[in-house]
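Biologist: Thanks for joining me to go through this one. Shall we take charges and backbone angles in turn?

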Amino acid sequence: MGRSATSAHIGAGEPVQVYDAGSSGAFGLLLRARGSVSRQKTLRAAPVRPAGWAAGRVRELMVMEVLYDRVAGLDVGKASVTVCVRTPGARRGRRTETRTFKTTSGSLRVMRDWLVEAGVSIAAIESTSTYWKPPFYCLEEVMEIWLLNAAHMKAVPGRKTDVRDAEWIAQLLEHGLLTPSFVPPPPVRRLRMLTRYRVQLHGDRTRETVRLELMLEDASIKLSTVASSLNTVSARAMLAAMIDGETDARVLAEMAKGKMRSKIPDLAQALEGNFDIHHAQLARSILGRLDRVEESMRQLDQVIESACEPWAHQIELLQTIPGVGPRVAQVIIAETGGDMSKFPTAAHLASWAGLAPAMYESAGRRSPAGRRRGNKWLTGMLVEAAGSVGRMHGKNYLAVQHSRITQRRGMRRAQVAVAHSILVMAYYMLERDQPYQDLGPQWLVKRNEEARTHRLVKQLEKLGHTVTIDPAA
């Protein structure tokens, strides 16, 4: 054992000396884990006199309680996964065995059999891209497995290898210094995959629409300045005629339908340009891709609606919240699983989603650090719902909240705040199985008036006055 030591404190106790335990440096490295000393109740300090030391050289060594006897740490990549197994060894020591497997299904089954034979009861794996999924799905049926956030288990820099990473994960796990991430059950994971793909298709449609508009700008066609969208029936009819060779702007403008007919003079001016055969070829290709994306989205909506049948009641409850439609409700169920017992409080759910404010504290001073990183799929959909609430112009509590925060702090902060409120409401509605009950557009005003009245009464009482409140009729 080396003799280099580092001072550390356990809570409010006396400092102890932490020694580097050879090449692995397990106890020394464990101090560098987040919360490994100050916030863990499983640490124990005891004086130890290593064999062979002189009589007067008494040192203290950190002795950490092992919570899990047989553990495994997995460091996964695209082609291989390194597995470290920690089991009880001789003379109260710990035995370490490390192997590397391919990430193919057959090799993962061999890994699983090896872990079961070793008596491993719990394993931990770092969430590396989507590479963690095959090993996780392979092991979740036979043992408890934790998915870990890489930011929560930074090791000492230098000498980084896959083997050391696997050992580090196993050492942290056996001492209870890790917190697992939320991984929903298989039915929810399948629904989540569908809803996320729908968001990606929506992004594809937006990108193709932008390409079409840029192409029309190159041809000096200003259709998008008159039409609300290039995907309307009138706009698509005009574009189809232009692709077929029609160049008369007046004839194209007469194809307008419904409310667009009142804009025929403006359309005639906007459709004058230099739309040639090359623009027609590009427009035909873009419109074809748009049609295919639209058809894929229609088919996917039907598949998602069928997959959401087990949660039909929860989705119906969520749609009572202003701004929450079927798609937003489906995403809430797909990302959270609909089971609020997985989250201790609504604040935990908001923090996990990334809608709670982050905080940075140093030397007793706290300062805001922006929003937390969280579930971007859920956050994005809730912010979109908050945007629709902002267009309700004070008809309910959420609309008033959006308006008040917008005036003080801007549109973006208002949408994040309203998205946070929607998620908190969804938490309690699903937990209590109750529909949404609006507080009313005047609730915030009444609350502020009551608080101001109470504050003024306290000030008068401090000046020695007796105050009797007589509300006006």
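Modeller: Happy to! One cut-off comes first: a residue is buried under 20% relative accessible area, exposed over 50%, and partly exposed in between. Keep in mind as well that this is a predicted model.

Biologist: With that in hand, is Ser220 buried, exposed or partly exposed?

Modeller: Ser220 sits in the loop between α5 (186-218) and α6 (233-243). Its relative accessibility is 34%. That value falls between the cut-offs of 20% and 50%, so Ser220 counts as partly exposed.

Biologist: What is the phi of Ser220 near?

Modeller: Most residues other than glycine have a negative phi. Ser220 is a residue other than glycine with a positive value, and its phi is near 65°.

Biologist: Ser129 also has a positive phi. In which loop is the place of Ser129?

Modeller: The phi of Ser129 is near 50°. With a relative accessible area of 53%, Ser129 is exposed. Its place is in the loop between β8 (122-126) and α3 (133-139).

Biologist: On to charges, then. How many salt bridges does the count come to?

Modeller: Side chains of opposite charge can pair when their charged atoms come close. The rule here asks for a side-chain nitrogen of Lys or Arg within 4 Å of a carboxyl oxygen of Asp or Glu. By this rule, the count of salt bridges is 18.

Biologist: Arg94 and Glu174 form one of them. How many residues apart in sequence are the parts that this pair ties together?

Modeller: The closest N and O atoms of Arg94 and Glu174 are 2.8 Å apart. Arg94 lies in strand β7 (residues 94-102) and Glu174 in helix α4 (residues 162-174), so the separation in sequence of the parts they tie together is 80 residues.

Biologist: Which partner of that pair is buried?

Modeller: Arg94 has 25% relative accessibility, so Arg94 counts as partly exposed. Glu174 has 0%, which is under the 20% cut-off. The buried partner is therefore Glu174.

Biologist: Which residue is linked with Arg94 and Glu174 in a network of salt bridges?

Modeller: Arg94 and Glu174 are joined by a salt bridge, with 2.8 Å between their closest N and O atoms. The residue linked with them in a network is Arg86.

Biologist: Glu335 and Arg196 form a salt bridge too. Which helices does that pair tie together?

Modeller: The closest N and O atoms of Glu335 and Arg196 are 2.9 Å apart. Glu335 is buried at 0% relative accessibility, while Arg196 is partly exposed at 22%. The pair ties together parts 139 residues apart in sequence, because Glu335 and Arg196 lie in helices α11 (residues 326-336) and α5.

Biologist: Which residue's side chain meets Glu217 in a salt bridge?

Modeller: Glu217 is partly exposed, at 32% relative accessibility. Its partner is partly exposed as well, with a relative accessible area of 37%. The two side chains meet at 2.8 Å, N to O, and the partner is Lys222.

Biologist: Last topic: the positive patch on the surface. Which helix gives the most residues to the patch?

Modeller: Arg404, Arg408, Arg409, Arg412, Arg413 and Arg447 gather in this patch of positive charge. Two helices, α14 (397-409) and α15 (411-432), each supply at least two of its residues. With 3 residues, the helix that gives the most is α14.

Biologist: And what is the relative accessibility of Arg404?

Modeller: Arg404 is found in helix α14 and belongs to the positive patch. Patch residues need over 30% relative accessible area. Arg404 counts as partly exposed, and its relative accessibility is 32%.

Technical notes. Residues numbered from 1 in each chain as written. Predicted model: local features only at pLDDT ≥ 70, side-chain atom pairs only at ≥ 80, totals over all residues. Heavy atoms only, no water. Patch = residues over 30% accessible without salt bridge, like charges linked within 9 Å, V, L, I, M, F, W, Y side chains within 5 Å. Areas by Shrake-Rupley, 256 points an atom, 1.4 Å probe, with all protein chains shown as cover. Lys, Arg positive; Asp, Glu negative; His and termini not counted. Charge placed at Lys NZ, Arg CZ, Asp CG, Glu CD. Helix = DSSP H or I, 4+ residues; strand = E, 2+ residues; numbered from the N terminus. Buried < 20%, exposed > 50% of the residue type's maximum accessible area, 1.4 Å probe, protein only.
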